[in-house]
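User: I want to go over a structure before using it. Can you take me through it?

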Amino acid sequence: MTTAAAHAHPESFLRTYVFSTDHKTIAKQYLVTGIFMGIVGGLLSYVIRMQLANPGQSIPGYGVIGPQQYNALVTMHGTIMIFWVAMPILLAALANFLIPLMIGAKDMAFPRLNMMSFWVFFLSTVVLLVSFFVPGGAAAGGWTSYPPLSGTAAYSGGQWGVTLWLLAVALEFVAFLMGGINFITTAINLRAPGMRLFDMPLMVWMQVAAAVIFLFSVGPLIAGALLLLLDRLAGTGFYAPAAGGDPILFQHLFWFFGHPEVYVILLPGFGVIAEILPVFSRKPIFGYRMIVYATIITGILSFIVWAHHQFIAGIDPRLATPFSITTILISVPVAVILFSFIATLYRGSIELASPMLFALGTLAVFLLGGVTGIHLGVAATDIYFHDTYFVVAHFHYTLIPPVAFGFFAASYFWFPKMFGRMLNERLAHVHFWLTFVFMNLTFLPQFKLGFMGHQRRIVTPTFFEALRTPEVEQLQSMATVGAVCLLLSQILFFANVAWSLRRGEKAAPNPWRANTLEWTTPSPPGHGNFDTAPVVYRGPYEYSPPGRSEDWFPQNLAPEKGAGS
Amino acid sequence: MGTAAESGFREATEVPTGRLGMWWFLASELVIFGGLIATYLLFRWRHPEWGAESVHTINAAGAFNTLVLLTSSLTMVLAHAAVERGDLARAVRNLSFTFLGGVIFLVVKVYEYTHEIQEGFTPLTNLFWSFYYGMTGLHALHVVGGMVAMMVVRSAVAKGRDPQRVEFVGLYWHFVDVVWIFLFPLLYLSS
C-alpha cells in the first residue's frame, strides 16, 4: 500500500505516516479522522432517535437521558456531522487525494502548509472530543450556537462546553483555510502542460469553487466567534441587549457563513457524481461548461440567501421577500447541474456498478431535499414549518446525498486507486440498497411529523398533548427503526473495507476504463505520483468518441500523427 | 513556501505560486476584518452618541502610528526593490527598518491602552470601547504576526536563501497597513 512511497524514498516512520507532506497520506489522515468522527456522530444519533421513540426509557448502552444531555447530543451531532465529517471527508480527503492526481501534479503547491492544516484539524478534533467530558458537559446551544443561549455560562449550562466548542470550530476553520488556499493555488498553477482550465475534471472545479466559497464566507463568522468568545470570557456585551448589543447580529454572521457552507459541502459531492456518471454511462458529461458556469453562479448566489434562516427571528419583514426570491433563484443553477447529470445518462450504456448506484442514489435523494427546500425558502410557508421536523427531514435529505451517498460513491470508485485493491462488488450492492431504503425510512416520516406541527429539539415529545397521538408515536418509531437499521447497515461497508484491504482483488491502474489523469498512475500511486510528467491533449470526458476502437480516450494519450483530430 | 519553484513545480499561469497563495490568504483575511468593520459600522449608525466616546481616543498617537506604518510600508517596498536588484544586504537592512516600525507602532499602542484604561475607558466600559479594544487588538496581533514572519524571512535572506519571500511578506505587511488606514478614521476620528 503506502509502502510503495516508503520504498521509493526511504524516510522515517514518523515522516512517512505521521508528519507526512505527501498529499495522498494527508488525504488518508483526513479520511480516517472523518470516518472516526462519523462513527461518533452516528452513535449520537442512535441515542437521540431511541429517546424520541421511547421517551424517558433507558437506552441500551447509554441509560436515561436528561434535557441538558439531549440538547448537548443534538448540538454535537450537528456540529460533528457538518464540521468534522462532511468537511474532512468531502473536502479535505477527496481534494487532497484527487486534485494533484487529476491535474497531473506531483503534490500540492504548499506541502508543508498542507501537513500543518491536518494537524491543526487534528487538534481541533481533540478539543471538541474533550468538551464532552468537562464540567457542565458539551455545548448544548444547537450547532448554530446562537446567543444568548451560548452567550454566558449561566445559560449554556457550564463555562467550558461552549468555550471549547468555539475554540474547536475556530481551529477547524483555520485548518480549512490553509487547506483551501492550497487547493485553489494548486489547481491554478500546477496543472500539467496542455491542461487548460476547461480541461480540468469537474471534481477539481467543484473543489476549487467550494474552497473559494468557504474562504469568502467564513471570515465574518470568525470575527463573530471572536466577539462571542469575548462576551463569554471577558464579559463584553456584543450580543447582550442589556449592554446595547444585539443577539440577532450573531445569526447574521453565522448564516452569512452557514448557508454558503451548504454549497461548500454539496459541490464536492456533485463533483463525485460528475466523475462517476460519464464513466458508467460511457458518454461525455452533458453540458460541461454549463455545469461550470452554473457552479459559479450558485457560489455567488449562495452569499445572498442567508436571511431565509431568520424569517421568524425578528428581522425586518421587508427583507423577507428579497431573501425568498434569491433563495428560489439559487435553485435554478442547481437544477441546471442536476438536469445536466440526468441528461448525461440519456442513451448511455449504463453499467450499474456500485459507484454508479450510489451516484444515482445521490441524485434521487437530493431531488426530494431540493424540492422541499422551496417550502422553507418562501417566507409564507417557512413561518409554519420553521423549527419542525420538516426542517430536520429537509436538511438530512440535502446533506446525506453528498456526505453519505457521495462519500460511498467516491469510496467504491477511488478505493482501488487509494489502496490498490478492489472492493467486493456484491457486498457493495447490498450495502447500497439497505442504506437507500433505511435512509428513506428514517427521514420520510419526519416530513409528515413536521406537517403535523411536531417541533424539533424537544427531548420528550409526549410532554405535549398534541403530540401524544398514536400516529406521532408510530411515525417516531418508524424513524427510529430506520435510523438503527441504517447505522447497522454501515457495518457492511466497514467489513468490506477490512476484508478487501487484505484479500481484495489487486486493482489494475485503470479498472473502470476512465479518462482522467489519476487513472494513468499505478494503484496506489507512489511518491511523486507520475512516473513521467503527463501532457494533456483533451478534455476529461471523451467517452465513446467516433472513429476510435476503444470507448474511452485518456486525457494524456497523444493524438496519432496524421489522424484528423 | 516559496520553495515551490525550486522543487520543480510547474507554474501554469506564470504567476509565482507563493504570490498566488499569499493573495488568496489576504482575501481570507480581508473578509475577517471586513465582517468586523461592517458589524461595527452597523452599530455605529444606530449609536450616534458613540461620537462622544471616540473623543477620548488619542488622535495624535493614532496619527503618529499611521505615519509610522506608512513609513514602514515604504521601507518594505525598498526591501523588495533591493531584492529585485539583487542587493540582499540592502534588503536585509530595509527589513530591519520595517521591523523597527512595527516595534514603534506597538509601543505607542501600549502607551495608548495604558492611558485610556487609567482614564477609566476599559473594554467593558461600553460597546464602543469593546469594539475599540477588540478591533485594534486583533490588528495588533496581525502586526505581531507580520513581524514574526518578517524575522523568519530576514534571517533566511541574510543567508542568501529565498529572497522571493520578501515580496510575499511585504504583501502581508501592506495589508496590515491598509487595515489600519480604515481603523484609524472609524475609531479615532469619527466624533
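Analyst: What follows covers confidence, the chain contact, a few helices and some backbone oddities.

User: Where does it come from, and how is it numbered?
Analyst: This is a predicted model, in which local features need pLDDT of at least 70, side-chain atom pairs count only at pLDDT 80 or more, and totals for chains, interfaces and linings use all residues. Residues are numbered from 1 along each chain as its sequence is written, while chains are lettered from A and ligands numbered from 1 in the order in which they are written.

User: What is the mean pLDDT of chain A?
Analyst: The mean is 94, and 97% of the residues of chain A reach 70 or more. pLDDT is the predictor's confidence in each residue, from 0 to 100.

User: Where does pLDDT stay under 50 in chain A?
Analyst: Over residues 1-7 of chain A, for which the model has 13 contacts beyond four places in sequence. Two residues are in contact if their C-beta atoms, placed from the backbone, lie within 7 Å.

User: Chain B next. How many helices and strands?
Analyst: Six helices and zero strands, in the order α-α-α-α-α-α along the sequence. Helices (H or I, at least four residues) and strands (E, at least two) are DSSP runs, numbered from the N terminus. Along the principal axes, the C-alpha atoms of chain B fill a box of roughly 60 × 30 × 20 Å.

User: How much of chain B counts as buried?
Analyst: 38% of its 191 residues. A residue is buried if 20 or more other C-beta atoms lie within 10 Å of its own, exposed if 12 or fewer, and partly exposed in between, with C-beta atoms placed from the backbone.

User: How many residues does each chain put into the A-B contact?
Analyst: Chain B gives 27 residues and chain A gives 30 residues. On the chain B side, α1 (17-46) and α5 (127-158) are the elements that give two or more residues. α1(B) gives the most, with 13 residues. By class, that side of chain B has 15 nonpolar, ten polar and two charged residues. Here Ala, Val, Leu, Ile, Met, Phe, Trp, Tyr, Cys and Pro count as nonpolar, Asp, Glu, Lys and Arg as charged, and the others, Gly among them, as polar.

User: Back to chain A. Which residues have the most contacts inside the largest nonpolar core?
Analyst: A:Ala86, A:Ile103, A:Ile276 and A:Ala409, in a core of 223 residues. Such a core is a set of buried Ala, Val, Leu, Ile, Met, Phe, Trp, Tyr and Cys residues joined through C-beta atoms within 7 Å. Helix α4 (residues 67-103) of chain A gives the most to this core, with 26 residues.

User: What does A:Ile276 touch?
Analyst: Not counting residues up to four places away in sequence, A:Ile276 touches A:Pro355, A:Met356, A:Ala359, A:Ala409 and A:Phe413.

User: Where is the kink in α11(A)?
Analyst: The kink is centred on A:Val334 and is about 25°. The bend at a residue is the angle between axes fitted to the seven residues ending there and the seven starting there. A:Val334 is one of the buried residues of α11(A), which also include A:Pro333 and A:Ile337. The buried residues of α11(A) pack against α9 (247-281), α10 (288-301), α12 (354-377) and α13 (379-385) of chain A.

User: Is A:Ile291 in α10 buried or exposed?
Analyst: A:Ile291, found in helix α10 of chain A, is buried because 25 other C-beta atoms lie within 10 Å. Among the residues A:Ile291 touches is A:Ile337.

User: And α16(A), what span should it have?
Analyst: At 1.5 Å a residue, its 34 residues (470-503) should span 50 Å, and the end C-alpha atoms are 49 Å apart, which agrees. The expected span is 1.5 Å times one less than the number of residues. Its buried residues pack against α3 (23-53), α14 (389-419) and α15 (425-451) of chain A.

User: Which residues do the cis peptide bonds join?
Analyst: One joins A:Pro147 and A:Pro148, with omega about 5°. Another joins A:Ser523 and A:Pro524, with omega about -10°. A:Pro148 lies in the loop between α5 (111-130) and α6 (153-156) of chain A, and A:Pro524 is in the segment after α16 of chain A.

User: What about phi at A:Arg513 and A:Ser544?
Analyst: Phi of A:Arg513 is positive, near 55°, and A:Ser544 has a positive phi of about 45°. Most residues other than glycine have a negative phi. A:Arg513 is partly exposed, with 14 other C-beta atoms within 10 Å; A:Ser544 is partly exposed, with 16.
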